[in-house]
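Dear colleague,

Please find below the structure that I agreed to pass on to you. I would be grateful if you could read the notes beneath it with the structure open.

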Amino acid sequence: EGIAGMTSATGRVLAMKIEVESDAASALKVEERMAQLRDSIILLASDYSYTELEGIDGKFRLKDDIHARINAVLEPTQVRRIYFTEFVVQ
């Protein structure tokens with residue numbers, strides 16, 4: 001399932017696409033809660049600075065935070081993994 005997010009802080013823009021790995025039941029839950037998931041991810045990503053997202057460690061931290069946020073929104077349903085399929089900071 002794909003989730004796209006975009007945020008702007010201090011004149012910078014983050015554009016990303018996320019794919020979610022899950023079972024069929026979780027995929028249905030992701031579809032049902034898509035607006036809430038997008039909102040939650042955008043709010044989370046807006047807390048990251050450009051400097052944090054420049055390096056690989058910041059991207060991994062954001063990825064882990066997004067994964068935890070998605071699972072918190074979907075609880076008790078869980079997704080296995082998330083993947084960045086597009087990630088641009090300008």
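The notes below go from the chain as a whole to individual elements and residues.

**Overall picture**

Please bear in mind that this is a predicted model. The mean pLDDT of the protein chain is 88, and 88% of its residues reach 70 or more. Confidence varies by element: helix α4 has the highest mean pLDDT, at 96, whereas strand β1 (residues 2–9) has the lowest, at 54. Where pLDDT is low, the predicted coordinates should not be read in detail.

The protein chain contains four helices and three strands, and along the sequence these elements follow the pattern β-β-α-α-α-α-β. Of the 90 residues in the chain, 30% are buried. Among contacts with a separation of 6 or more, 64% are between residues 24 or more positions apart. The chain exposes about 5300 Å², and carbon and sulfur atoms supply 51% of that area.

**The nonpolar core**

The largest nonpolar core has 19 residues, and the members that touch the most others are M16, I18, L62, I66 and I70. Strand β2 (12–21) and helices α2 and α4 each supply at least two residues of this core.

**Helix α2**

Helix α2 covers residues 34–45, which is 12 residues in total. From its first C-alpha to its last, α2 reaches 16 Å, close to the 16 Å expected at 1.5 Å a residue. Its buried residues are M34, L37, S40, I41, L44 and A45. Seen down the axis of α2, these buried residues fall within an arc of 130°, so they line one face of the helix.

**N71 and S26**

Two residues that are distant in sequence deserve to be read together. N71 is found in helix α4 (residues 56–74), while S26 belongs to helix α1 (residues 24–32). N71 has a relative accessibility of 9% and therefore counts as buried, the cut-off being under 20%. S26 counts as buried as well, because its relative accessibility is 3%.

In sequence, S26 and N71 are 45 residues apart; in space, their C-alpha atoms are 9.8 Å apart. Leaving aside neighbours within four places in sequence, N71 is in contact with T77, Q78 and V79. With residues up to four places away likewise not counted, S26 touches T77 and Q78. T77 and Q78 thus appear among the contacts of both N71 and S26.

**R61**

Is R61, also in helix α4, buried, partly exposed or exposed? R61 has a relative accessible area of 39% and is therefore partly exposed, in contrast to N71 of the same helix, which is buried. Not counting residues up to four places away in sequence, R61 touches Y48 and E52. The C-alpha atoms of R61 and Y48 are separated by 9.9 Å, and the two residues lie 13 residues apart along the chain.

**Points to keep in view**

When you go through the structure, please recall that strand β1 is the element with the lowest mean pLDDT. Helix α4, which has the highest, holds both N71 and R61 and is one of the elements that supply the core.

With kind regards

Notes. Residues numbered from 1 in each chain as written. Predicted model: local features only at pLDDT ≥ 70, side-chain atom pairs only at ≥ 80, totals over all residues. Heavy atoms only, no water. Buried < 20%, exposed > 50% of the residue type's maximum accessible area, 1.4 Å probe, protein only. Contact = heavy atoms within 4.5 Å. Expected span 1.5 Å × (residues − 1). Arc of directions from axis to C-beta. pLDDT = per-residue confidence, 0-100. Core = buried A, V, L, I, M, F, W, Y, C linked by side-chain atoms within 4.5 Å. Areas by Shrake-Rupley, 256 points an atom, 1.4 Å probe, with all protein chains shown as cover.
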